[in-house]
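User: I'd like to learn how to read a metal and ligand site in a model. Could you walk me through one?

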Amino acid sequence: MNAIQPVIEPHHIPAGSLALITGLCRVAEALSRSIAMGPLAGALGREVGQNADGDTQKALDLQADIAFCSAIRNCGVRWYASEEQDEIQELAPEGRFALAIDPLDGSSNIDVNVSIGTIFSVFEAKADAEGSFLRPGREQIAAGYFIYGPQTALILTFGAGVQHYVLEPMTRRFRLANDRLLIPESSSEFAINASNYRHWSRPVRAYIDDCLAGDQGPRAKNFNMRWVASLVAETHRILSRGGIFLYPSDSRPGYEKGRLRTVYECAPIAFLIEQAGGRATSGSDRLLDHTAVTLHERTPFVFGTADKVDRVTAYHDLPEQEVSALFGARGLFRS
Ligand SMILES: O=P(O)(O)OC[C@H]1O[C@](O)(COP(=O)(O)O)[C@@H](O)[C@@H]1O
Ligand SMILES: [Mg+2]
Ligand SMILES: [Mg+2]
């Protein structure tokens, strides 16, 4: 009789965390099959309600949340905090882990057959539920995301580099594709939702203006822009070929701290990005040094190749007259 094959190749996963990662992989594998069926799996993208923060919830947001929550009940998780739930749930009182999850990221893309994902973050559980999550992101013991796209993949870190696994459709196993993912340094791509330009702060406008000015501007080179509207897809592209992502704060009501959530999205992505040799900030400060004040708080988020992210920080430090969008030749950046 054949031995049962594990759902993921386990070599880089600490033994104490294998049950948890295996539980997550099983749900991701099942989700990837539903997602691949699109409308044949039902109206996955239909609106069904609103979450704690007033975001629209789609049917697949809730399905994914329920599936992850129930699958990891016996996987050593004490506290389960989900973007889709108001409160933290206690799953196993003796559990070692606190798991924060964005069960379905990029939900505006569910119906249009564009990559979406799941983002997760793992801390050591404390006795206090909230205190297990409201702490600096650098205290995470693991973080990762699943991306459901042309390939389903898992990008994972335990703080010793980043591993890239790909779901092999035939065996339904996550197979290691790269045991040390590093962000390539050369890329001239930036990702930002440019429709919000008029709402941005002057440093962000100045940074983007200089990219758009291309070889006629202070950067003296041309750039390309990408915006998928799935954080996992943007992260995957940047891990694969470099570049920079920005979701800054802006002046729209509700966007004073940007759009993305510290606990469920930014802290885990920042952990992966740093482990892959990149940088992640809130525009000027290291994201992993930030302690979330509330579970569902949002934060401005900038990440990618280190020198690009540092440049955004430098724009935030520029004197006011240098930052002005009308100031054509920013001295600091003339090259
Ligand atoms: O629609 P916008 O404002 O461009 O925002 C896109 C961003 O919102 C998100 O979809 C938010 O995540 P959710 O889908 O989990 O709510 C990110 O994946 C993406 O980067
Ligand atoms: Mg999300
Ligand atoms: Mg989500």
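User: Let me start with two residues: are aspartate 102 and leucine 104 buried or exposed?

Analyst: Happy to help, and please keep in mind that this is a predicted model. A residue counts as buried when its relative accessible area is under 20%. Here aspartate 102 is buried, and leucine 104 is buried too.

User: Which protein donors does the magnesium ion (ligand 3) have?

Analyst: For a metal, look for N, O and S atoms within 2.8 Å. The magnesium ion (ligand 3) has Glu83 (OE), Asp102 (OD) and Leu104 (O) as its protein donors, at 2.2 to 2.3 Å. Along the sequence these donor residues follow the spacing E-x18-D-x1-L.

User: And which residues coordinate the magnesium ion (ligand 2)?

Analyst: That ion is coordinated by Asp102 (OD), Asp105 (OD) and Glu265 (OE), at 1.8 to 2.1 Å. The spacing of its donor residues reads D-x2-D-x159-E. Aspartate 102 appears again because it coordinates both magnesium ions, ligand 2 and ligand 3. The two ions lie 3.7 Å apart.

User: Why does the pair aspartate 102 and glutamate 265 tie together parts that are apart in sequence?

Analyst: To read this, place each donor in its element. Aspartate 102 belongs to strand E5, whereas glutamate 265 sits in helix H5 (residues 262-275), so the pair links parts 163 residues apart in sequence. Both aspartate 102 and glutamate 265 are buried.

User: Now for ligand 1: how many residues surround it, and which are the closest?

Analyst: Start with the shell, then look at its make-up. There are 16 residues around ligand 1, and the closest are Asp105, Gly106, Asn193, Leu231 and Tyr247. By type, the shell holds six nonpolar, four polar and six charged residues. Strand E5 (residues 97-105) supplies the largest share of the shell, three residues. Domain 1 (15-178) and domain 2 (189-333) each contribute at least three residues to the shell.

User: Which polar atoms lie by the oxygen atoms of ligand 1?

Analyst: Go contact by contact, and check whether the protein atom is in a side chain or the backbone. Aspartate 105 places a polar side-chain atom 2.8 Å from an oxygen atom of ligand 1. For aspartate 102, a polar side-chain atom lies 3.0 Å from an oxygen atom of the ligand. Leucine 104 takes part through a polar backbone atom, 3.3 Å from an oxygen atom of ligand 1. As for cover, ligand 1 taken alone exposes 470 Å², and the protein buries 89% of that.

User: One of the closest residues was Leu231. What can I say about helix H4 (residues 231-241)?

Analyst: With a helix, it helps to see how many of its residues are buried. Nine of the eleven residues of H4 are buried, so this helix is largely enclosed by the rest of the structure. Among them are Leu231, Glu234, His236 and Arg237. Just after H4, glycine 242 has a positive phi of about 85 degrees.

User: Where is alanine 81 found, and how far is its C-alpha atom from that of leucine 99?

Analyst: Here you compare distance along the chain with distance in space. Alanine 81 is in strand E3 (residues 77-82), and it is buried at a relative accessible area of 1%. Its C-alpha atom is separated by 6.2 Å from that of leucine 99, although the two residues are 18 residues apart along the chain.

Note on methods
Residues are numbered from 1 along each chain as its sequence is written. Chains are lettered from A and ligands numbered from 1 in the order in which they are written. This is a predicted model: local features need pLDDT of at least 70, side-chain atom pairs count only at pLDDT 80 or more; totals for chains, interfaces and linings use all residues. Side-chain values use heavy atoms; hydrogens and water are left out. A residue is near a molecule or strand if one of its heavy atoms lies within 4 Å of it. A polar contact is a pair of N or O atoms within 3.5 Å; within protein, one must be able to donate a hydrogen and the other to accept it, and residues adjacent in sequence count only if both atoms are side-chain atoms. Accessible areas come from the Shrake-Rupley method with a 1.4 Å probe; for residues, only the protein chains shown count as cover. Helices (H or I, at least four residues) and strands (E, at least two) are DSSP runs, numbered from the N terminus. Ala, Val, Leu, Ile, Met, Phe, Trp, Tyr, Cys and Pro count as nonpolar, Asp, Glu, Lys and Arg as charged, and the others, Gly among them, as polar. Domain bounds come from an automatic or database domain assignment. Donors are N, O and S atoms within 2.8 Å of the metal (3.2 Å for Na, K and Ca); water is not among the atoms, so sites may look incomplete. Buried means under 20% relative accessible area, exposed over 50%, partly exposed in between (1.4 Å probe, protein chains only).
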